[in-house]
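Work through the exercises below with the sequence and the 3D view side by side. Try each task before you read its solution.

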Amino acid sequence: MTVNKENWGKYELIFAMVVSGTLGVFVTESGQSALNVVFYRCVFGFMFLGLYSGLRGYLRFSILTAKDWALTAFGGIALVANWCLLFASFEYAPIGVSTVAYHVQPIFVMVLATLFLNEKFAAHNWLWIGLAFIGVTLIVGLETENAGWGVATGVLLSISAAFLYAITTLITRQLKHIKPHMLAVVQLAIGGVVLFFIAPMEQVPTTGDHWFWLLALALIHTCIMYIFMYSAYQKLEISMVAVLGYIYPVAAVMVDYMVYDNAITPLMALGIAAILFSGYAMNRSLTPRRILDAVKRQATRQPC
């Protein structure tokens, strides 16, 4: 059976998002601050991915034009700034609130693509993305009892991070002629340099099991995941990338339950169902009218 380019891209992105869902376990078990985790993720990820890409002959920097370099560097800076703003948001707002706010980034992707890349989207695609966002809201659970200026600041930081990540996604799509491995290597290098001046590395113990988790985080969630994720970005339409990106929170909830026995509430289950249905609807090009017609046909079908 032959798998076409678009379907392969879907499989790649689904795999990358499922892997992303396990990231929290590695971060938690490392016992390090978020900035230190990101710094070593960049450094070790650069080493692993750089070695792999070099051995495969992917690091052909001579083919890059000045425009390619500028876009790649800008995308890397946007990615690093996205991480920094997202982590800063956790200091002001509950992680659940920040996470929900951060997941508006697919909306930013579609809006920016419409404004600057002249991409056209069917109206029903916005409906399914909105449904997926509602699903994420149900999974995370908004904590309204702590609302205030602190929470508002955290949400603003998180939304700003989402906007920057949307920019990174669109830039990656503009560099389809470049191996995703090379893009990831350059962006990890930029991240390592920037975070070298930010991360409190003096707090990291010289020896301990945390190095295992940090190395595994770099190999699995950076080297392997980036290869699949960037490759998928170059094969899929923006609308499909936007919806499949919501697999990440679903996977994170499932892993959290399996590893730390944090139960899935009825609202979480409803959110998971909403996300999975939105992805199915997008994949099948369903519209509300088609769904309603199918329901009517099923209701009027005579028994045999």
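## Exercise 1: two helices that cross

Helix α1 and helix α12 (residues 247-260) pack at an angle of about 40°, with their axes 7 Å apart. The model is predicted: local features need pLDDT of at least 70, side-chain atom pairs count only at pLDDT 80 or more, and totals for chains, interfaces and linings use all residues. Residues are numbered from 1 along each chain as its sequence is written, and side-chain values use heavy atoms, with hydrogens and water left out.

**Task.** Classify the packing of α1 and α12 by angle, then describe the contact.

**Solution.**

1. Know the terms. Helices (H or I, at least four residues) and strands (E, at least two) are DSSP runs, numbered from the N terminus. Axes are lines fitted to C-alpha atoms, for helices over the stretch in contact, and angles run from 0 to 180 degrees between N-to-C directions.
2. Apply the classes. Angles under 35 degrees count as roughly parallel, over 145 as roughly antiparallel, 65 to 115 as roughly perpendicular and the rest as oblique. The angle of about 40° therefore makes α1 oblique to α12.
3. Find the residues in contact (heavy atoms within 4.5 Å). From α1 come I14, M17, V18, S20 and G21; from α12 come I247, Y248, A251, A252 and V255.
4. Sort them. Ala, Val, Leu, Ile, Met, Phe, Trp, Tyr, Cys and Pro count as nonpolar, Asp, Glu, Lys and Arg as charged, and the others, Gly among them, as polar. The contact of α1 with α12 has eight nonpolar, two polar and no charged residues.

## Exercise 2: a second pair

**Task.** How do α2 and α10 run relative to each other, and which residues meet?

**Solution.**

1. Start with the geometry. Helix α2 (residues 23-30) packs on helix α10 (residues 210-233) at about 155°, with axes 8 Å apart.
2. Name the class. That angle makes α2 roughly antiparallel to α10.
3. List the contact. L23, F26, V27, E29 and S30 of α2 face H210, W213, L214, A216, L217, I220 and H221 of α10.
4. Count by class. There are eight nonpolar, three polar and one charged residues in the contact of α2 with α10.
5. Pick out one residue. S30 of α2 is buried, at 4% relative accessibility (buried means under 20% relative accessible area, exposed over 50%, partly exposed in between; 1.4 Å probe, protein chains only). Leaving out residues up to four places away in sequence, S30 touches V37, H210, W213 and L214.

## Exercise 3: charged side chains

**Task.** Which side chains form the salt bridge with a distance of 3.1 Å, N to O?

**Solution.**

1. Use the rule. A salt bridge is a side-chain nitrogen of Lys or Arg within 4 Å of a carboxyl oxygen of Asp or Glu. The structure holds one.
2. Name the pair. K235 and E12 meet at 3.1 Å.
3. Place them. K235 sits in the loop between α10 and α11 (238-244), E12 in helix α1 (residues 5-21), and 223 residues separate them.
4. Check exposure. K235 is partly exposed, at 24% relative accessible area. E12 is buried, at 7%.

## Exercise 4: the whole chain

**Task.** How many helices and strands does the protein chain have, and what share of its residues is buried?

**Solution.**

1. Count the elements. The chain has 14 helices and zero strands.
2. Read the burial. Of its 304 residues, 47% count as buried.
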